[in-house]
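Welcome, and thanks for taking a look at this one with us. Please open the model and keep it in view as you read.

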Amino acid sequence: MPERLARRRRHAGAAALAALSLTGGLTLAGCSSGSGEAEERGSDGVRRASPAAAPLWDRTPASLAAVGDSITRGFDACSVLADCPEASWATGTDSGVRSLAVRLLGAAKAATHSWNHAVSGARIAQLPEQMALAAREKPELVTVMIGANDACRDSVRLMTPVADFRASFEASMRQLRATAPQAQVYVSSVPDLKRLWSTGRTNELGKQIWKLGICRSMLGDADNMDAAAVARRDTVQRRVVAFNEVLQDVCAKDRRCRYDGGAVFDYRFTGKQLSRWDWFHPGRDGQARLAEIAYHNVTAVGPPA
C-alpha cells in the first residue's frame, strides 16, 4: 500500500473516532457509556442512548391510601376511646397535624385524593383485606402502619408469632400488587411500646384508662417492677423489634417499597405528644410528629440509611 494512501486512511479513522467522542451519541458495541442512561442496540450492532427509565420512587405522589390500625385512625387523639380520622398522620384534615396527604397534595386535593382504610384494633392478619380496598382506589402511594396490636395482647402468649406476621405482610403486598402493581408503599416501623409505657405511666389518669384493657401485655400492672413484670415487658419489646425486622425485610424485596428505617420506633414521644385521655396513643401533637417523619422519608432522595 503506498505510504500516502495509508496516511489518508489513518487520518480518516482518527477523524471518525474524534467525531464519535465529541457527539457522545454512539458507543461501540459491547461497551457502556457509564452515564447511567438506558441503552438499546440498533440494527447496526451499535448501542444508542435511550431516555432514562422512570425512577421507581416518585417523591411527589398525587394520591394516597392509608392502611393500618388505631394510630392511623387517630384513636384517642380528639376524645376518649374514639377514632378521630381528621387527626390522622396519614390522611387527616386537621390543620394542626398537617397530615402526610396535606403536605404532599395540599389541603384541597387531599380531601378528594386520599383514603383511610385503617381500622382501630386491626392486626396484621386483617391487612390483606385493607390492602385490597386501598388497591381499588388506584393510589400512587400506600402508607402502612401495623403491628402494635399484634404485640398488644391480653398476654404475651397471645402475641402474633413472627412467622405468621411475615406471612400476612407478604400476602398483603401480593394483594396490593395484584391490583395496583405501580403503587408505591411507605412502611412505618411499629412504635416502641416499652418507651410509651415508660412515658405514660407517669400520668395517673392515663393508667386508669390502661386498666380498661389497653395493651395488657405491655401496660398491665403498670407500676409493677418485679422480675416477672420486667421479663414480660422485655418479651413484648423483643417481639416488636422482630416485627420491624420483618417489615424491613419484606419491603426491601419490593422495588417500590420504602421502609422508614426504624424512625417511628426510635422517636421519643413525650407526654406532650401522647393522648391526654390514654397516655399511650399519639395525640394531635404526636400525630403531627408522625406526619413529619413520613413526609421526610417519602420526599427524601433515597431511602433511610
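The sections below cover pockets, a threonine and aromatic pairs.

## Before we start

Please bear in mind that this is a predicted model.

## The largest pocket

Let's begin with open space. The largest pocket holds about 400 Å³, and its lining is made up of 23 residues. If you would like to find its centre, look for N149, C152, I214, C215 and H281, which lie nearest to that point. Two elements, α5 (148–151) and α7 (193–200), give two or more residues to this lining.

In terms of class, the lining of the largest pocket comprises 12 nonpolar residues, six polar ones and five charged ones.

## The second largest pocket

Next comes the second largest pocket, with a volume of about 320 Å³. Its lining counts 18 residues, and Q248, Y259, G261, G262 and P304 are the ones nearest its centre. Both α10 (227–252) and β8 (257–259) supply at least two residues of this lining. The largest share, six residues, is from α10.

Sorted by class, the lining of the second largest pocket has 11 nonpolar residues, along with four polar and three charged.

## T160 and its surroundings

Now turn to T160, which sits in the loop between α5 and α6 (162–179). Is T160 buried or exposed? Its relative accessibility is 10%, so T160 counts as buried, the cut-off for that being under 20%.

The side chain of T160 makes a polar contact of 2.6 Å with the side chain of D150. Setting aside neighbours within four places in sequence, T160 is in contact with R123, D150, F165, R239 and F243. Two of these names, F165 and F243, return in the next section.

## Aromatic pairs

How many aromatic pairs does a search of the whole structure find? The search finds two. In one of them, the ring centres of F165 and F243 are 4.1 Å apart and the ring planes are at 10°, so this pair is stacked. It links distant parts of the chain, as F165 belongs to helix α6 and F243 to helix α10, with their positions 78 residues apart. F165 is buried at a relative accessible area of 0%, and F243 is buried with a value of 0% too.

The other pair is formed by Y267 and F269, whose ring centres are 4.8 Å apart. Their planes are at 80°, so the pair is edge-to-face. Y267 has a relative accessibility of 24% and counts as partly exposed, whereas F269, at 7%, counts as buried.

Notes: Residues are numbered from 1 along each chain as its sequence is written. This is a predicted model: local features need pLDDT of at least 70, side-chain atom pairs count only at pLDDT 80 or more; totals for chains, interfaces and linings use all residues. Side-chain values use heavy atoms; hydrogens and water are left out. On a 1 Å grid over the protein atoms alone, a cavity is a set of points where a 1.4 Å probe fits but cannot get out, and a pocket is an open set with protein on both sides within 12 Å along at least five of seven lines; lining residues have an atom within 4 Å of a point. Grid points are joined across faces, edges and corners, and a volume is the space filled by probe spheres set on the points. Helices (H or I, at least four residues) and strands (E, at least two) are DSSP runs, numbered from the N terminus. Ala, Val, Leu, Ile, Met, Phe, Trp, Tyr, Cys and Pro count as nonpolar, Asp, Glu, Lys and Arg as charged, and the others, Gly among them, as polar. Buried means under 20% relative accessible area, exposed over 50%, partly exposed in between (1.4 Å probe, protein chains only). A polar contact is a pair of N or O atoms within 3.5 Å; within protein, one must be able to donate a hydrogen and the other to accept it, and residues adjacent in sequence count only if both atoms are side-chain atoms. Contact means heavy atoms within 4.5 Å. Rings of Phe, Tyr and Trp (its six-membered ring) pair if their centres lie within 6.5 Å; planes under 30 degrees apart count as stacked, over 60 as edge-to-face and the rest as tilted.
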